[in-house]
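Please open the model in your viewer and keep a selection box ready. The stops below are meant to be taken in order, each beginning with something to select.

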Amino acid sequence: MLIPFSMKNCFQLLCNLKVPTSGFKNQVKSGFILQSISNDVYQNLAVEDWIHDHMNLEGKPVLFLWRNSPSVVIGRHQNPWQECNLNLMREEGIKLARRRSGGGAVYHDMGNINLTFFTTKKKYDRMQNLKLVVRALNAVQPQLDVQATKRCDILLDGQFKISGTASKIGRTTAYHHCTLLCSTNRTFLSSSLKSPYQGIRSNATTSIPSMVKNLLEKDPTLTCEVLMNAVAAEYAAYHQIDNHINLINPTDETLFPGINNKAKELQTWEWIYGKTPKFSINTSFNVLYEQSHLEIKIFIDIKNGRIETCNIEAPNHWLPLEICDKLNSSFIGSKFCPIETTMLTNLLLRTCPGDNELHSKWNILCEKIKGIM
């Protein structure tokens, strides 16, 4: 059963006690099931951060249900260039987000359900949560062969991954979140999570590819709404709380003071790309010149998402060394992204007006470099 989470509901849940001005953090009495009305990945991740940072969860467990428009969410210690096809995502309008928990990269869309289980640090138990989800699935379809694994995934028919896990454990609170594949676009899932970039060397956490399948492919009655209601019912029964899914607006500052600043921070380039662990690129490509192929070598070190060292090596008869050095030095300190590369290239071209051949070679180089960004 869905009910809007309004200030009136808060008064009722508090048994007519006055709602404090600090917003939502003191309004939970014995546990809650929340569902976001937003499909914005940054807003929903901000809710996770806000509850983790501000709520006293002692004796007040919280389940948060949320779905996003097409997005790729990477773990706190991952490298997006290793994990995603960034060029494809830009073309298709698929957002990129970095969460604050660890783990691997996942694709979200409206056919994927996200479940976040909030508890105190002492009561944190991922396997308990996954078994709860399995019980909910079996409650709506007893014939489903679903099981939680030691790796804290949920498998369908013993081989298809339908749920992955990540978590964040704070000083006193913790959350475990997992996905549940219902009717996700598997074409976009596969293509978005397949990096085309070559020559990356990094110590970042890497994702482990798995075979996946939608629950709706197994049984067309297993819609997102049916599954969310089933998980909510099982959660309410287990924790002995009301079986109500309370709708929340992640942008509501009266319930979540300061939450919009959290969402804005999650959207910044500095967080999404700048928090990437230091990495390097060592690659090469060929260009056609006078009916022969010339090899161009590229060595780049990237720290905090910015180019720390850059060494582009091209045959001297194709591009003079001093011109190559000028290109290398111009990139140092810049963001490792195609927009900044285009801007720097355009600035450099203005220093050599009228040299069409040089312009052509620089453009070839920079188009190739943008292809690895």
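What follows is a walk through a predicted model, stop by stop.

**The annotated span.** Begin by selecting residues 57-243, which an unreviewed UniProt entry annotates as "domain: BPL/LPL catalytic". Within this span 28% is helix and 28% is strand, and the C-alpha atoms at its two ends lie 19 Å apart.

**A buried glutamate.** Next, select Glu83, which has its place in helix α3 (residues 80-83). Although Glu83 is buried, it has no salt bridge, and Arg99, the nearest side chain of opposite charge, is 9.0 Å away. What joins the side chains of Glu83 and Gln78? It is a polar contact of 3.3 Å between Glu83 and Gln78. If you display the surroundings of Glu83 and set aside its neighbours within four places in sequence, you will find it in contact with residues including Ile74, Ala105, Ser192, Lys194 and Thr205.

**A buried leucine.** Move on to Leu222, found in the loop between α7 and α8 (224-239). Leu222 counts as buried because its relative accessibility is 1%, under the 20% cut-off. Draw a C-alpha to C-alpha distance from Leu222 to Val140, and the value is 8.1 Å, although the two are 82 residues apart in sequence. Not counting residues up to four places away in sequence, Leu222 touches Val140, Gln141, Leu144, Cys182, Leu215, Leu216 and Leu227.

**Salt bridges across the chain.** Side chains of opposite charge can pair when their charged atoms come close. The structure holds 11 salt bridges, and three of these stops deserve a separate selection.

- Select Arg100 and Asp49, whose side chains meet in a salt bridge with an N to O distance of 2.8 Å. This pair links distant parts of the chain, 51 residues apart, with Arg100 in the loop between β5 (95-98) and β6 (106-108) and Asp49 in helix α2 (residues 41-54). Asp49 is buried, with a relative accessible area of 5%, whereas Arg100 is partly exposed at 24%.
- Select Asp157 and Lys218, where the salt bridge is 2.9 Å from N to O. Here Asp157 sits in the loop between β9 (154-156) and β10 (160-163) and Lys218 in helix α7 (residues 215-218), so that the pair, 61 residues apart, links distant parts of the chain. Asp157 is partly exposed, with a relative accessible area of 24%, and Lys218 is also partly exposed, with 39%.
- Select Glu308 and Lys278, whose salt bridge is 3.2 Å from N to O. Because Glu308 lies in strand β17 (residues 306-313) and Lys278 in the loop between α10 (269-272) and β15 (279-289), the pair ties together parts that are 30 residues apart in sequence. Glu308 is partly exposed, with a relative accessible area of 33%.

Before leaving this topic, add Glu265 to the selection of Asp49 and Arg100, since salt bridges that share partners join these three residues into one network.

**Helix α11, side by side.** Finally, select residues 321-331, which form helix α11, and colour Ile323, Cys324, Leu327, Asn328, Ser330 and Phe331, which are buried. These buried residues are on the same side of α11 because they cover an arc of only 165 degrees around the axis. Turn to the face away from that buried side, and there you will find the exposed residues Leu321 and Glu322. Just after α11, end the tour at Gly333, which takes a positive phi of about 90 degrees.

Note on methods
Residues are numbered from 1 along each chain as its sequence is written. This is a predicted model: local features need pLDDT of at least 70, side-chain atom pairs count only at pLDDT 80 or more; totals for chains, interfaces and linings use all residues. Side-chain values use heavy atoms; hydrogens and water are left out. Buried means under 20% relative accessible area, exposed over 50%, partly exposed in between (1.4 Å probe, protein chains only). Helices (H or I, at least four residues) and strands (E, at least two) are DSSP runs, numbered from the N terminus. The arc is that of the directions from the helix axis to the C-beta atoms. Lys and Arg count as positive and Asp and Glu as negative; His and the chain ends are not counted. A salt bridge is a side-chain nitrogen of Lys or Arg within 4 Å of a carboxyl oxygen of Asp or Glu. A polar contact is a pair of N or O atoms within 3.5 Å; within protein, one must be able to donate a hydrogen and the other to accept it, and residues adjacent in sequence count only if both atoms are side-chain atoms. Contact means heavy atoms within 4.5 Å. UniProt positions are given in the numbering used here, feature names are shortened, and annotations may be inferred rather than shown by experiment.
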